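Hi there,

Here is the structure I promised to pass on. Please have a look at it first, and then read my notes below.

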Amino acid sequence: MWLIPDVKVIEKELNNLYNEMDSFLENKIREYSISLLPVNVYEDDNNDVKVVVPISGVDKNKINVEYKNNSLYIGVEKTKDVKDCKLLREERFEGKLERIIELKDIDPDTIKANYENGVLTITMKKKEGLVKKIAIE
Amino acid sequence: MKNLLRKDFKRPDLFENLRSRMQSMFEDFFADLETTSILKSDFNPVVDIHEDDKNIYIKAEIPGVKKEDLEVTIKDNVVIIKGEKKEEKEEKDRKKYVKECVYGSFERSFSLPEVDAEKAKAEFKDGLLKITLPKKEEEKGKSIKIE
């Protein structure tokens, strides 16, 4: 009889297994969704911030860039123009993609975006003089 | 006595077995996906291939690569797309706080049915490479007279 484990042990083991699988899948899904619209953010000492997003073969009008709530919103709609063709291999994504990047203390008037060679580049400046010293009375 | 037995009772083999089997199942599944390059950590372009009666069309997403750094060759009905995605020098030295883009050299090859390599065309715009490969007209079967 002692070979049969406690029900609680079984339950615990199954739960562990389930959680492991869950986090494994979650990570893979996150990796995949990042790989669809990866982003690089650069910053230099002159308060210049640059965001680089590679997006292949998209019409300029299908890219939407917004800055609100201290975040940069990048939305892209990827379409494929395929007519009456037989599909032999399909890896490219079709549909809407969105990324939200938190970028604090940006001067919204300095944001510029450019799409060239399949790369979306957004440049902006950080607000200067944010440090305010307060004298103690 | 009961306590003594409890102590000996380790994780049952049943679960170890199940765990390792599920693990290998998942690994196999994702290994398959990874060979199609979708989940690879190095840069590797994603590709669609279509065909109609006359042509085979290959579309590859290669954003941020210069034309000079891209090479397409066709040999023995195998198309090879080769190149390098470089990070700009000025960007390389900068401070980064989000880094998801991948760089490096890549190569993908596809074996196709009989195509006419001489008449193949390639176009590269907005980081999208389009290759059109005309299919070779099937040679008409030659009937041999039986003497």
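A:Leu87 stands opposite B:His50, a residue of strand β1 of chain B. The pair belongs to a strand contact that crosses from one chain to the other: β5 of chain A (residues 86–90) and β1(B) run antiparallel and are joined by 4 bridges. Please keep in mind that this is a predicted model.

That strand pair is one part of the interface between the chains. In total, 36 residues of chain B are in contact with 38 residues of chain A. On the chain B side, the elements that give two or more residues are α2 (13–35), β1 (47–51), β2 (55–61) and β5 (95–99). If you are setting up a classification by residue type, the side of chain B that touches chain A has 19 nonpolar, 4 polar and 13 charged residues.

Now to the interior. The largest nonpolar core has 16 residues, and A:Val49, A:Val51, A:Val53, A:Ile55, A:Leu72 and A:Ile122 are those with the most contacts inside it. Two or more residues each come from β1 (40–43), β2 (48–54), β4 (71–78) and β8 (119–126) of chain A. The most come from β2(A), which gives 4 residues. As for A:Val51, leaving out residues up to four places away in sequence, it touches A:Val39, A:Val41, A:Leu72, A:Ile101 and A:Ile122. Another core lies apart from this one; it has 14 residues, including B:Val46, B:Ile49, B:Ala60 and B:Ile62.

Chain B also has an open sheet of 3 strands, in the order β3-β4-β6 with antiparallel pairing. Which strands stand at its edges? They are β3 (70–75) and β6 (104–111) of chain B; each has a single partner strand, so one side of each is left without a neighbour in the sheet. On average, and ignoring direction, neighbouring strands of this sheet are turned by 10 degrees against each other. Within the sheet, β3(B) pairs with β4 of chain B (residues 78–85) in the antiparallel sense over 6 bridges. One residue pair to look up there is B:Glu71, whose bridge partner in β4(B) is B:Lys82.

Last, the domains of chain A. The assignment gives domain 1 as residues 1–36 and domain 2 as residues 40–137. How far apart are the C-alpha centres of these two domains of chain A? The distance between the centres is 36 Å.

Enjoy exploring the model!

Best wishes

Methods. Residues are numbered from 1 along each chain as its sequence is written. Chains are lettered from A and ligands numbered from 1 in the order in which they are written. This is a predicted model: local features need pLDDT of at least 70, side-chain atom pairs count only at pLDDT 80 or more; totals for chains, interfaces and linings use all residues. A nonpolar core is a set of buried Ala, Val, Leu, Ile, Met, Phe, Trp, Tyr and Cys residues joined through C-beta atoms within 7 Å. A residue is buried if 20 or more other C-beta atoms lie within 10 Å of its own, exposed if 12 or fewer, and partly exposed in between; C-beta atoms are placed from the backbone. Two residues are in contact if their C-beta atoms, placed from the backbone, lie within 7 Å. Two strands pair if DSSP finds at least two bridges between them. Axes are lines fitted to C-alpha atoms, for helices over the stretch in contact, and angles run from 0 to 180 degrees between N-to-C directions. Domain bounds come from an automatic or database domain assignment. Ala, Val, Leu, Ile, Met, Phe, Trp, Tyr, Cys and Pro count as nonpolar, Asp, Glu, Lys and Arg as charged, and the others, Gly among them, as polar.
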